[in-house]
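Biologist: Got a minute to go through this model with me? I'd like to take it piece by piece.

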Amino acid sequence: MTPTPTSHPDDDRSAPVPTPQPTSHTATTDVSAPLRVALLGGGTVGAAVARLLGERAELLAARVGRPLELVGVAVRDTSRVRDGVDPALITDDAVALVDGADLVVEVMGGLEPARSLIERALVRGVPVVTANKQLIAQQGPELHALAAEHGTDLHYEAAVMAAVPVMAVVRESLAGDEIASISGIVNGSTNYVLDLVARKGVPFEDAVRQAGELGYLEADPTEDLEGLDAAAKIVLLARTAWGLPVTLDDVQRQGITHLTDTDFEQAAANGTVIKLVASAWRSSAGGGDRVEVAVRPVALPQDDPLAQAREGANVLIVEARSAGTLRLHGAGAGGDATASAVLGDIVRAARVR
Ligand SMILES: NC(=O)c1ccc[n+]([C@@H]2O[C@H](COP(=O)([O-])OP(=O)(O)OC[C@H]3O[C@@H](n4cnc5c(N)ncnc54)[C@H](OP(=O)(O)O)[C@@H]3O)[C@@H](O)[C@H]2O)c1
């Protein structure tokens with residue numbers, strides 16, 4: 001079956017962004033002046049990034065070689081008070097914010113206006129850091145090309161497994177190796193549900209409800225439960241590992257919504273645990289050289305490293321020819337954990353400038 005990826009319910013988040021025009025601002029090239037950082041989004045991740053940019057100002061300035069100045073936080077609802085965010089920085093004019101920045105951080109999510117705002121920054125030669133996996137899964141190659149055309153960069157470590165630095169490992173640390181396969185539990189929300197069923201014996205439907213009540217699932221949990229979130233992440237990993245044009249349409253995707261209590265009982269009777277596994281591997285089937293990508297529930301032996309993932313944990317296993325088996329695990333979601341990866345990308349992007 002070739003699944004048709006559905007779009008996120010929040011994909012269209014506001015009015016269109018005007019086409020980029022030459023502006024009165026230009027990106028700062030004076031390296032003693034503070035680097036002006038625009039933050040698009042002040043929600044779970046954005047508020048954590050804003051707070052940590054303030055708390056770690058000295059440390060970040062030392063690492064970058066110049067101070068970073070948060071010049072604004074674009075949101076929809078400017079009346080809401082946000083923990084750790086200076087109210088004077090809140091704005092609903094994301095376009096003006098982008099036009100006055102040296103570095104743009106997009107953590108609003110959805111496809112629009114995130115994409116147009118990112119394009120607007122890239123066209124000015126301004127580097128962009130984003131945590132937006134769906135946008136990069138759908139538009140990554142075009143955005144990379146635009147960045148290259150304008151001599152700048154696009155960074156998205158936070159988009160895959162938040163704080164766990166899997167993209168850097170695949171892109172940089174293993175750049176001299178040959179990656180054979182990547183597999184993992186990259187969606188903590190579904191893992192929380194499956195773990196409740198497997199270890200606590202909670203009926204599947206109750207586990208989904210409990211996960212929702214505890215904030216592990218969005219109000220509309222489709223993206224997690226149908227494997228769309230995991231599909232976007234494995235596409236980003238596969239593209240980075242093999243440099244091939246893997247798309248969401250290539251993912252053999254099956255979520256967990258069709259599972260029944262009988263499936264879980266059967267798995268337990270066989271000494272196995274059901275997990276939602278995202279995987280990518282190089283294949284020469286049919287004589288070609290291509291990459292296969294899949295997201296599906298798999299019954300794993302109890303002692304499989306992926307079967308050990310508890311609650312909202314994320315785990316990734318990378319098999320490389322010389323490196324052997326690498327296992328990375330940690331917090332794949334959460335404000336501070338995701339902000340950690342965003343800050344790492346900010347430092348990386350700012351150093352280049
Ligand atoms: N949360 C995580 O653990 C996590 C982990 C990894 C990656 N991510 C990614 O990080 C991004 C942000 O996630 P989040 O959990 O922080 O989302 P969130 O809590 O829903 O925050 C989104 C923020 O963006 C603002 N926003 C949305 N549309 C906007 C628009 N059209 N104009 C101006 N502001 C707009 C919202 O404003 P209002 O507050 O006014 O509504 C809100 O402040 C997403 O791409 C997500 O996939 C999140």
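Biologist: Which side chain does the side chain of Asp 336 make a polar contact with?

Modeller: The side chain of Arg 51, at 2.5 Å. A polar contact is a pair of N or O atoms within 3.5 Å; within protein, one must be able to donate a hydrogen and the other to accept it, and residues adjacent in sequence count only if both atoms are side-chain atoms.

Biologist: Before we go on, what are the ground rules here?

Modeller: This is a predicted model, where local features need pLDDT of at least 70 and side-chain atom pairs count only at pLDDT 80 or more, while totals for chains, interfaces and linings use all residues. Residues are numbered from 1 along each chain as its sequence is written, and side-chain values use heavy atoms, with hydrogens and water left out.

Biologist: Fine. Where does Asp 336 lie?

Modeller: In helix 12, residues 335-352. Helices (H or I, at least four residues) and strands (E, at least two) are DSSP runs, numbered from the N terminus.

Biologist: And what does Asp 336 touch, leaving out residues up to four places away in sequence?

Modeller: Ala 48, Arg 51 and Leu 52. Contact means heavy atoms within 4.5 Å.

Biologist: Is Asp 336 buried or exposed?

Modeller: Asp 336 counts as partly exposed because its relative accessibility is 42%. Buried means under 20% relative accessible area, exposed over 50%, and partly exposed in between (1.4 Å probe, protein chains only).

Biologist: Switching to the ligand. Which residues come nearest to it?

Modeller: Gly 42, Val 45, Asp 77, Arg 82 and Gly 334, out of 24 residues around the ligand. A residue counts as near if one of its heavy atoms lies within 4 Å of the molecule.

Biologist: What about polar backbone atoms and ligand oxygens?

Modeller: A polar backbone atom of Asp 77 is 2.7 Å from a ligand oxygen. For Gly 43, a polar backbone atom is 3.0 Å from an oxygen of the ligand. Arg 76 also has a polar backbone atom 3.0 Å from a ligand oxygen.

Biologist: Now Asn 187. Where is it found?

Modeller: Asn 187 is in the loop between strand 7 (179-185) and helix 7 (188-200).

Biologist: Why does Asn 187 count as buried?

Modeller: Because its relative accessibility is 5%.

Biologist: Which side chains does the Asn 187 side chain make polar contacts with?

Modeller: One is Thr 190, at 2.7 Å. Another is Asp 224, at 2.8 Å. Leaving out residues up to four places away in sequence, Asn 187 touches Asp 224, Asp 229, Ala 230, Lys 233 and Asn 314.

Biologist: And Glu 223?

Modeller: Glu 223 sits in helix 9, residues 222-225. Glu 223 is buried, because its relative accessible area is 13%.

Biologist: Next, pockets. How much space lies in the second largest pocket?

Modeller: About 240 Å³. Of the 16 residues that line the second largest pocket, Ala 198, Arg 199, Thr 272, Val 273 and Gln 302 are the closest to its centre.

Biologist: How do you define a pocket and its volume?

Modeller: On a 1 Å grid over the protein atoms alone, a pocket is an open set of points where a 1.4 Å probe fits, with protein on both sides within 12 Å along at least five of seven lines; lining residues have an atom within 4 Å of a point. Grid points are joined across faces, edges and corners, and a volume is the space filled by probe spheres set on the points.

Biologist: Which elements each supply at least two residues of that lining?

Modeller: Helix 7, helix 11 (261-269) and strand 9 (272-283). The lining residues divide into eight nonpolar, three polar and five charged. Ala, Val, Leu, Ile, Met, Phe, Trp, Tyr, Cys and Pro count as nonpolar, Asp, Glu, Lys and Arg as charged, and the others, Gly among them, as polar.

Biologist: What about backbone oddities? Which peptide bond is cis, with omega near 10°?

Modeller: The one from Glu 112 to Pro 113. Pro 113 lies in the loop between strand 4 (103-106) and helix 4 (114-123).

Biologist: And what is phi for Met 161?

Modeller: Positive, about 60°, although Met 161 is not a glycine. Ala 162 has a positive phi too, near 45°. Met 161 is in the loop between strand 6 (154-155) and helix 6 (166-173). Met 161 counts as buried because its relative accessibility is 0%.
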